Amino acid sequence: MTADSLARRVTDLLAPQVLVILMPPLVGLIAQGWSGAAWGLVASALCGGVPAAVIAAGVRSGRLDSHHIVDRARRAGPLMAAAAAVLVALLLLILLGAPLLLVATVTAMLVALAVTVPITLRWKISFHAAVSAGTVVVLAYVLPSAPTLLAGAAVVALICWARVRLSHHTWPQVAAGTAVGALTTWATLTAFGL
């Protein structure tokens, strides 16, 4: 396997849509068993499924270059759809009495979008890096934190390498994404008292 093909696989397998779809049910399952996983599926469908469907439709119609939206100028519409879907998910989870950890996790997604969307309109911050770093922080709340953070840092570094290797981002863009994802998620979960 060449470095470029490895980078493409990492980019596809650990894309933001994939992580946002897989993480809530996993976190719910670990934190609260099968009922938590069910709440996580609700969050996944809205926070990950809806944006993925919007992006897929954009790719099929030719408005978007790929599901990674490499062209920064084309990111605004899908990102606004993602923010709306996350907001709907958050309101639904609150109204239906979802577990606090999932409400906090979805809130962290919304906060991260509130920071990254304005940045990406001017500068191409890495959503791959932001989402992966935020995912690691959430997982560190439900799994043993030290090994989770250590293993997670290695995975985030691999994702950052892949994005730079494919010339989709620069090192400052992936570093900024990592910092925003980790800090907004940590600050949100801390504000929830977790």
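This report walks through the spaces, the cores and a few single residues of a predicted model.

**The cavity**

Let's start with the empty space inside. When the whole structure is searched, one cavity of 30 Å³ or more turns up. The largest cavity takes up about 570 Å³, and 32 residues line it, with P16, V20, L113, F127 and V131 closest to its centre. Which helices help build that lining? At least two residues come from each of α2, α3 (76–95), α4 (100–120) and α5. The biggest share belongs to α2, which puts in nine residues. If you sort the lining by class, you get 20 nonpolar, ten polar and two charged residues.

**The pocket**

Next comes the largest pocket, which holds about 230 Å³ of space. It has 14 lining residues, and the ones closest to its centre are L19, T135, V136, L139 and V155. Helices α2 (16–61), α5 (127–142) and α6 (145–165) each bring at least two residues to this lining. Here α6 gives the most, with five residues. Ten of the lining residues are nonpolar, four are polar and none is charged.

Here are the two spaces laid out together:

| Space | Volume | Lining residues | Helix giving the most |
|---|---|---|---|
| Largest cavity | about 570 Å³ | 32 residues | α2, nine residues |
| Largest pocket | about 230 Å³ | 14 residues | α6, five residues |

**The cores**

Now for the packing. The largest nonpolar core has 30 residues, and those touching the most other members are V27, C47, V86, L93, V106, M109 and L113. Helices α2, α3, α4, α5 and α7 (171–191) each supply at least two residues of this core. Another core lies apart from it; this one has six residues, including V136, V156, V164 and V174.

Some names come up more than once. L113 is among the residues closest to the centre of the largest cavity, and L113 is also one of the core members with the most touches. V136 is one of the residues closest to the centre of the largest pocket, and V136 belongs to the six-residue core as well.

M109 is a good residue to click on. Leaving out residues up to four places away in sequence, M109 touches V20, M23, P24, C47 and V86. Of these partners, V20 is among the residues closest to the centre of the largest cavity.

**Two cysteines and a valine**

How many disulfides does a search of the whole structure find? The count is zero. For background, a disulfide is a covalent bond between the sulfur atoms of two cysteines. C47 has a relative accessible area of 5%, so it counts as buried. C160 is buried too, because its relative accessible area is 7%.

Is V42 buried or partly exposed? V42 is partly exposed, because its relative accessible area is 31%. This valine sits in helix α2. Setting aside neighbours within four places in sequence, V42 is in contact with L92 and L93. V42 and I21 are 21 residues apart along the chain, and 9.8 Å separates their C-alpha atoms.

**Helix α1**

Last stop: the start of the chain. Which residues of helix α1 (residues 3–13) are buried? They are S5, A7, V10 and T11. As for what they lean on, the buried residues of α1 pack against α5 and α6. Those two helices also supply residues to the lining of the largest pocket.

Definitions and conventions
Residues are numbered from 1 along each chain as its sequence is written. This is a predicted model: local features need pLDDT of at least 70, side-chain atom pairs count only at pLDDT 80 or more; totals for chains, interfaces and linings use all residues. Side-chain values use heavy atoms; hydrogens and water are left out. On a 1 Å grid over the protein atoms alone, a cavity is a set of points where a 1.4 Å probe fits but cannot get out, and a pocket is an open set with protein on both sides within 12 Å along at least five of seven lines; lining residues have an atom within 4 Å of a point. Grid points are joined across faces, edges and corners, and a volume is the space filled by probe spheres set on the points. Helices (H or I, at least four residues) and strands (E, at least two) are DSSP runs, numbered from the N terminus. Ala, Val, Leu, Ile, Met, Phe, Trp, Tyr, Cys and Pro count as nonpolar, Asp, Glu, Lys and Arg as charged, and the others, Gly among them, as polar. A disulfide is a pair of cysteine sulfur atoms within 2.5 Å. Buried means under 20% relative accessible area, exposed over 50%, partly exposed in between (1.4 Å probe, protein chains only). Contact means heavy atoms within 4.5 Å. A nonpolar core is a set of buried Ala, Val, Leu, Ile, Met, Phe, Trp, Tyr and Cys residues joined through side-chain atoms within 4.5 Å.
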